Amino acid sequence: MLISSFVTLSLLASQASLALAKANLPPIPADKSTPIHQRLSLTAPQTISVAWNTYEKLAKPCVQYGESESSLTQTACSTSSVTYKTSRTWANSVRIDGLKPATKYYYKIVSTNSTADFFQTGREAGDMTPFTMVTLADLGVVGPDGYTLNGDASKRDTIPQVDPSLEHTTISQLAKSVADYEFIIHPGDLAYADDWQEKTHNQGDGQNAYEAIIEQFYDQLAPVSGRKPYMVSPGNHEADCIEGGYKLGVCPQGQYNFTDFMNRFGAISPAAYPSSSQNAAAIANAKKARSLAVPPFWFSFDYGQVHIAMIDTETDFTNSPDGPGTTLDAGNFGSVGQQMAFLEADLASVDRSVTPWVIVAGHRPWYTAGSGACKPCQAAFEKTLYKYGVDLAAFGHVHNLQRYAPVYNNTADAAGYNNPKAPMYVVIGGAGNIEGHSSITPRQSYNEFAYNDSFGYGTLTFHNRTHLEVKFINSVNGSVLDQSMLYKEHKDNFVNQS
Ligand SMILES: *[C@@H]1O[C@H](CO)[C@@H](O)[C@H](O)[C@H]1NC(C)=O
Ligand SMILES: *[C@@H]1O[C@H](CO)[C@@H](O)[C@H](O)[C@H]1NC(C)=O
Ligand SMILES: *[C@@H]1O[C@H](CO)[C@@H](O)[C@H](O)[C@H]1NC(C)=O
Ligand SMILES: *[C@@H]1O[C@H](CO)[C@@H](O)[C@H](O)[C@H]1NC(C)=O
Ligand SMILES: *[C@@H]1O[C@H](CO)[C@@H](O)[C@H](O)[C@H]1NC(C)=O
Ligand SMILES: *[C@@H]1O[C@H](CO)[C@@H](O)[C@H](O)[C@H]1NC(C)=O
């Protein structure tokens, strides 16, 4: 969400160099090859990309891997080690191809100071094994530069380790329940490093405060994102130089125009998977989608029973809220109409006999309680989601948890959860960040759940080709806040409701 009350802090940039000591910059390890900010991504079928940062440029980033922890016999390397002007770290990435699907591998980032961890590879399109995935958004740093809660340290697990003093309820809960889900999608707003001025002790620190928060956040996320594929798309906070009145001319480079976001996720996000369908039009449409995708902004992937498209609600469509010339002045990342053409081709390519379920995720919702609905987003995307029978759409931006009955054009689908034509919608922006919660009133009649009492996230469990279970989880203790089941017949291989 965007904070609307701006404070004028126009002298900040000039003061930045005078106040370095204030920023809580993480200590730089003596061994600068030490991997930090580990994150995994599904980049293509039978592939996992491993990314991590270091406090030095790596000439040849490498990862050793194998199916047994004691014999990491294979090695994958790249020359991908990138940074930007105001960053202290380099983002390294290696793509590991030719892996068996749905298989546990051990991996060790090659460094004189690293340890082995493990991941499970993605499920092949059409693998009907039931599984659960997590969906969350608007997750920020915890600690002196972000929010804190008075948590109970005894409730937290130690493997993977999340420092209990951080009281990071959502990341702790995701770490604690890491065996219960297979991957995470996070459509926008990571870290909230652009909110550095919200803490008075940061004021005057400029880019150091920004970099301190972004480094702390990815340190905190690593126990989860280094174990599970962590799929992201952009939110306004990835391009925000305006909160607190911090103007474009003096904005740290990472904070502007999705620079840090692209640096971390550009090389590891997928475009679109080749079609697993026998249908010639599906194969051609998937190929077209692949050529129009602009990861990490808009892209898609398949995972077992589900096809997931991640969209960019910030730039690259008519009246997009953060496009060139808007307050945030970001993008564009494709040619005119490219994102919409991608989405059309991508959704048209989905053969429901292979992947019965279709999910779309983006940052800004058009159905939400309280304020924050994105009308241009609705105008741009809603028809396409309906036309291709998208089953569920997940959005963040508004800081709470909400469930909408299937709805189209602001009218509830009369079928409800029993084989509707319209998508079901959820808002999963309640993961927790320095800006706190958003109001849950007023609510439309078809808003069936709205919660802003503590932080939480959503889980989607794909039982089989007809049943999708949606839950909201309370990050404080893992309890289920809300539970629903969507039934879809999925009898047509290709849905076209135009
Ligand atoms: C080795 O890595 C750990 C974290 O993984 C870090 O705390 C430690 O400082 C590193 N050691 C050196 C010598 O850099
Ligand atoms: C943002 O970055 C993209 C890609 O690098 C570039 O094409 C675009 O012009 C930039 N937008 C602005 C407003 O600088
Ligand atoms: C949406 O609903 C409005 C009335 O609320 C109607 O005028 C319009 O034609 C509808 N649009 C579509 C695409 O069904
Ligand atoms: C939660 O929602 C209620 C009802 O809309 C509102 O009164 C309250 O201020 C919200 N809490 C926060 C922290 O925004
Ligand atoms: C699909 O899953 C639901 C929920 O677990 C179950 O009730 C239903 O019987 C399953 N359908 C089939 C065909 O197995
Ligand atoms: C979980 O925490 C909430 C407060 O956030 C509390 O209302 C609920 O009773 C707790 N549930 C369990 C099972 O501990």
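## Disulfides, sheet and helix H3

The torsion about the S-S bond of Cys374 and Cys377 is about 70°, so this disulfide is right-handed. The structure in which it occurs is a predicted model, and what follows describes the geometry of that model. The sulfur atoms of Cys374 and Cys377 lie 2.1 Å apart. Cys374 has a relative accessible area of 6% and is therefore buried, and Cys377, at 0% relative accessibility, likewise counts as buried.

When the whole structure is searched, 3 disulfides are found. A disulfide is a covalent bond between the sulfur atoms of two cysteines. If the bonded cysteines are counted along the chain, the connectivity follows the pattern 1-2, 3-4, 5-6. The table sets out the geometry of each link.

| Disulfide | S to S | Torsion about S-S | Hand |
|---|---|---|---|
| Cys62 and Cys77 | 2.0 Å | 105° | right-handed |
| Cys241 and Cys251 | 1.9 Å | -75° | left-handed |
| Cys374 and Cys377 | 2.1 Å | about 70° | right-handed |

The link between Cys241 and Cys251 is left-handed, with -75° about its S-S bond. This pair is described as linking distant parts of the chain, 10 residues apart: Cys241 is in the loop between strand S13 (230-233) and helix H4 (259-265), and Cys251 is in the loop between S13 and H4. Both cysteines of this pair are buried.

The disulfide that joins Cys62 to Cys77 leads to the sheet, because Cys62 lies in strand S3 and Cys77 in strand S4, and the pair thus ties together parts that are 15 residues apart in sequence. The two ends of the link fall into separate burial classes, since buried means under 20% relative accessible area and exposed over 50%, with partly exposed in between. Cys62, at 10% relative accessibility, therefore counts as buried, whereas Cys77, at 34%, counts as partly exposed.

Strands of a sheet pair through backbone hydrogen bonds, either parallel or antiparallel. Here 4 strands, in the order S4-S3-S7-S8, form an open sheet with antiparallel pairing. Its edges are strand S4 (74-77) and strand S8 (117-120), each of which pairs on one side only. From one strand to the next the twist averages 35°. Strand S3, which covers residues 62-66, pairs with S4 in the antiparallel sense over 4 bridges, and Gln64 stands opposite Thr75 in S4. The strands S3 and S4 are thus paired through bridges and also joined by the disulfide of Cys62 and Cys77.

A record offers an annotation for this part of the chain: an unreviewed UniProt entry lists residues 37-114 as "domain: Purple acid phosphatase N-terminal". In the model, residues 37-114 are 0% helix and 47% strand, and the C-alpha atoms at the two ends of that stretch are 12 Å apart.

Further along the chain, helix H3 (residues 207-225) comprises 19 residues and reaches 25 Å from its first C-alpha to its last, which is close to the 27 Å expected at 1.5 Å a residue. Where does H3 bend? The helix bends by about 25° at Asp219, and a proline, Pro223, follows within four residues. Is H3 largely enclosed by the rest of the structure or largely exposed? Of its 19 residues, 17 are buried, so H3 is largely enclosed by the rest of the structure.

Methods: Residues are numbered from 1 along each chain as its sequence is written. Chains are lettered from A and ligands numbered from 1 in the order in which they are written. This is a predicted model: local features need pLDDT of at least 70, side-chain atom pairs count only at pLDDT 80 or more; totals for chains, interfaces and linings use all residues. Side-chain values use heavy atoms; hydrogens and water are left out. Two strands pair if DSSP finds at least two bridges between them. Axes are lines fitted to C-alpha atoms, for helices over the stretch in contact, and angles run from 0 to 180 degrees between N-to-C directions. The expected span of a helix is 1.5 Å times one less than its number of residues. The bend at a residue is the angle between axes fitted to the seven residues ending there and the seven starting there. Buried means under 20% relative accessible area, exposed over 50%, partly exposed in between (1.4 Å probe, protein chains only). A disulfide is a pair of cysteine sulfur atoms within 2.5 Å. UniProt positions are given in the numbering used here, feature names are shortened, and annotations may be inferred rather than shown by experiment.
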